[in-house]
Structure formats: C-alpha cells, structure tokens
Amino acid sequence: MNKQIILSVKDLSVSYGNINAVNGITFDVTEGQIVTLIGANGAGKTTLLRAVSGLIPYEGTVSFSGINLKGKTPHEIISGGITHVPEGRAIFGTLTVMENLELSAWVVKDKGIYRERLRHIFSLFPKLEERKKQLSGTLSGGEQQMLAIGRAIMTGGSLMLLDEPSMGLSPLLVKEIFKVILDINKSGKTILLVEQNANMALHIANYGYVLETGKIVFHGSKEVLSGNPKIREAYLGV
Amino acid sequence: MRLGLSYLIQQFLNILQLGSLYALIAIGYTMVYGVLSLINFAHGDVFMLGAFIFFLAALWLKLPFIPALIVTVCVTVCVGVLIERLAYRPLRNAPKMSAVITALGVGVFLENFTLALSPYPQHIPEIVKNRAWVMGQVTVSSIQTIIIAISVTLMVILDFLVRKTRFGMALRAISWDISAVPLMGIPVNRIISQTFALGAALGGAAGVMYSLAYPVIDPYMGIMIGWKAFISAVVGGIGNVRGAMTGGFILGTVEIAVTMFLPSTYRDIVAFTLLFVLLIFRPHGIFGTARSVKL
C-alpha cells in the first residue's frame, strides 16, 4: 500500500474566547480510506470539521491534496473538492427535496454530471426519489440524513466530511446509513467520519483517532484501537 | 350614489396604485430580513433617493421616462449594495442591536446627505403626459396605468426569481439556515449582495413611480412610506416575499377604505390599529409560520 495523503492537519487549534475547543491536533487522512475521529460530546470533533471546511478561523495548517487551505472561503474549499455533511443534517426545510439537491449542485456546471449524480443518489436512497417534491422539513430524521448525504454526493469532490451521521437515528437506520457510507467509500471517495458511536464508526473505518477535550489521545488502525482495553472500556462499552 | 359601482371601481384602481407601491418597497424589507434577520431601516431612504435621482435624471439629463427609470434603478442598486458592503457586512457577526442601530444611522445619513444637496422640497416636472381616459364615471389616468403595470410586472418577475431559479433557492436556503449554505459551495456574500441589489432596485423603482403620482419630493419622504412598507411586510409575514406583496395591498386597501368613510386625517390611526389587531391574532403575519426544527 503506497497511498497518498489527501488531507493533512498540523497543530490545529481553535479557541472560542478563552476556551480552547481544539488544542494542537495533528492527523492525516489517506486517500481512499475511511478515517474516523471518535470522542465524547464536547471533545472538539465538530469544531475540527468546521475549521477544515473554512467555516471558522484557526491556528495551524490544513492542506488538501497538497494545497494549503488557510484563508480560503468555504465556497472555494467546497468547490475545490471537500464536501461537509454537517451535524444535525442542516437540510433546508422550506425547500423541497429536489430543490435541496439542486442547490447543492451550485458548483456543478455540467448537466450530464448533474443527471448522473442524481441517478446515483436515487439509487442509494430510493426514498428520496419517492419524496422529491415534498418539503424536506417534513421528512423523518433518517430521510433528512439521507438527503444531507445526497447533497454532498451531488456537490461532488473527493473527500467527504461526515459529522455524526448516526445522531438521533434508530439502530436500524444507523446500520443503513453506515452501509451507504461504506458504498460511497467503495465508489472512490475518501471519508472523514466524526462519531460518538465509536462501535459503528470503528466497524467501517480503516483508521481511527480518539479525541478527548481538544486533543488526540490515541490513534491507530481499526484493529489496534478495537484491541486496546482502555478504548474498549471507555468508548466501545465492552 | 356615493357607493355606486363606478365609485368602487375607481377606489379599486386607487388601491392597486397605492398598494403596489407599498408592496414594492415591502419586498426590500422582507428579503433583507429573510437573509440577515436585519430590519434595514435605511430602505425607506433608498426609496427617497430613487425619487431624487429620477428628478435629477429628468431635469438635468433631460431623459425621457423609461431611460430615467433605468438610470435611477442602476444608481439605487449601487447604493443598496454599498450600504450592505460598507455598513452591514462588517457587523455580520456583531450583536443584532449594533446592526439595527447602524441601519438607523445609514437612514439618517441618507436623509441628511440629500437635505444638504436639496434643502427645499422639489417639484418633479411632468415627464409622462398625464392623460385621462373616462369610461362612464370611472377615470383612468396614464400615470395610474404605468404605476400598476410596472409594479405588477416587477412583482411577477421577482416571484419567478424567488421560486424558480437557483438564486431564489439560495435566498430561501439562507433564510432557513445561513450556516449550512456555504457547505453547498454557495458564495453567501454574493447572494446577500444580490439580495440588497434586488431590494434597492424595487425600492428605487417605487420612488420613481411615487414621484409620478405625488410630484413633490423631499428628503424625509422615505420615513413614513418606509414605515408603512415595513408594517406591510410584517403583516404579510416578514421574510416571505408573497407575504410582503399581500401586506402592501392590504395596507393600501385599509387606507383607502378608511378615507372612503372617515376624514383623511383618521387614515393612519385607523389603518395601523386594524393591522395591529390582525397581528394579535396572527403574530407571525399572514404568510409567516412559527418555525420549528426537527433534529
């Protein structure tokens, strides 16, 4: 295996006033893999993703495919190839399912690519096709998560950031969503998955980082992390 | 007979004329509120500037009506975009109160800027020959026709923009949840600039048409009209474009209905009382809904 590093984060720190939400984090994401960041509520996971996609200012460096992202606007970063499925899905409730998807195609200029991605999204989530004319605010939590992931597929890019896709979903739905994440990864996208549900996340990931109060405390391959007794006790509940 | 059919038709035309002016201005308030949750108190003064620029274009540049209208709209668009860029954007993340105070300040600035250049009310020369067609007991003037036709056309175009285009979707997405919009790869600042541009275009056009119908203009004319348009937007459900249009026509109807039965000095007190009563029963306005978020 001689894979490229697609995302490289060095000494990343973010503070809100006097509080350090993220404190000097360094990690890499290898192309083609699913990398997960696990940690409890308030560990700084969401903050970290928000820094990567340029939504908040930070110290340190983030580079994507060798390009330094510092100072770039979210619009530039997203059209440069990173998509971000935010915490709590953030679908646009007063827009229909179709309008949500159309809006996420803002950077897609080619009609052919648009139609192809739409077919791909509807093949992954047939429910979305059934409900394409429905206001997305009336969808169930699971369907909203599908729409949020569908939007990211539509926007395109080679790296997908996923912020707690399991939040608020039934175990059955979580399984379904994670299966789709695996499918998306197999179709060639690199995935950075942030999760509280460490069991599920480590189940599909190649590599994991454990975050505690703004710092990385462990990291290793799926096997190493799942075998570590401390992590088993604290995060996997075994 | 005082309340005969032709009298009612006449009043209906008056309602259309007044209501469409309120509606055009109200759209500017509602769109900016939709994207920034900011009441752009300077918007009434952009309407006033529209009237003054039209006056200059007609008097100095000797432009006929349509070119003068286009020049006016171009200038007010620039003013609208500049206001957002210079006054509101630096305060995007500041407390809402600071932005509201700034909006009031921008309004005062525009009024006094105009006052410095034109200390006296100005009389708009007759740019459009005001002909009147008499049909039975109903009189239709050419100015009335122009105002209604242009306003309705502009509103139909705007409604199409908001409902059917990607810009409109982005606008509605921003008013739902501005934080997620950049993640779609959408340049939020550009959409906000375009929103101010559109609002100012409609406000400027309303200023032009208002000064055709009421040809004496002064730097403070935007205050009262601005308040009325703002209240129209609230009655319709602020943030909702169709609501703003409806609210404008409702206010126009109430005002004209009041003057049909009462002395015209009662107009504002009765109109506003009725609207406030309406808001007691529908606090989010006619088209507005209390927002709920599902997680």
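**Exercise 1. Which residue of β8(A) does A:V35 stand opposite?**

Before working through the solution, note that this is a predicted model in which local features need pLDDT of at least 70 and side-chain atom pairs count only at pLDDT 80 or more, while totals for chains, interfaces and linings use all residues. Residues are numbered from 1 along each chain as its sequence is written, chains are lettered from A and ligands numbered from 1 in the order in which they are written, and side-chain values use heavy atoms, with hydrogens and water left out.

Solution.
- Step 1: Locate strand β3 of chain A at residues 34–39 and strand β8 of chain A at residues 190–195, where strands are DSSP runs of E with at least two residues and helices are runs of H or I with at least four, numbered from the N terminus.
- Step 2: β3(A) and β8(A) run parallel and are joined by five bridges, two strands being paired if DSSP finds at least two bridges between them.
- Step 3: Within this pairing, A:V35 stands opposite A:L192.
- Step 4: β3(A) is also joined by five bridges to β9(A), residues 207–212, again in parallel, and there A:L37 has A:Y209 as its bridge partner.

**Exercise 2. Determine which way the residues of β3(A) point, and whether they are buried or exposed.**

Solution.
- Step 1: In a regular strand the side chains alternate between the two faces of the sheet.
- Step 2: A:I34, A:T36 and A:I38 point one way, whereas A:V35, A:L37 and A:G39 point the other way.
- Step 3: All of these residues are buried, a term that means under 20% relative accessible area, with exposed meaning over 50% and partly exposed in between (1.4 Å probe, protein chains only).

**Exercise 3. Explain why A:T83 counts as buried, and list what A:T83 touches.**

Solution.
- Step 1: A:T83 lies in strand β6 of chain A, residues 82–85.
- Step 2: A:T83 counts as buried because its relative accessibility is 2%.
- Step 3: Leaving aside residues up to four places away in sequence, A:T83 touches A:A152, A:T155, A:G156, A:L159, A:M160 and A:L161, contact meaning heavy atoms within 4.5 Å.

**Exercise 4. Place B:R89 in chain B, and explain why B:R89 counts as buried.**

Solution.
- Step 1: B:R89 is found in the loop between α3 (65–88) and α4 (96–117) of chain B.
- Step 2: Because its relative accessibility is 18%, B:R89 counts as buried.
- Step 3: Not counting residues up to four places away in sequence, B:R89 touches B:E84, B:N189 and B:S193.
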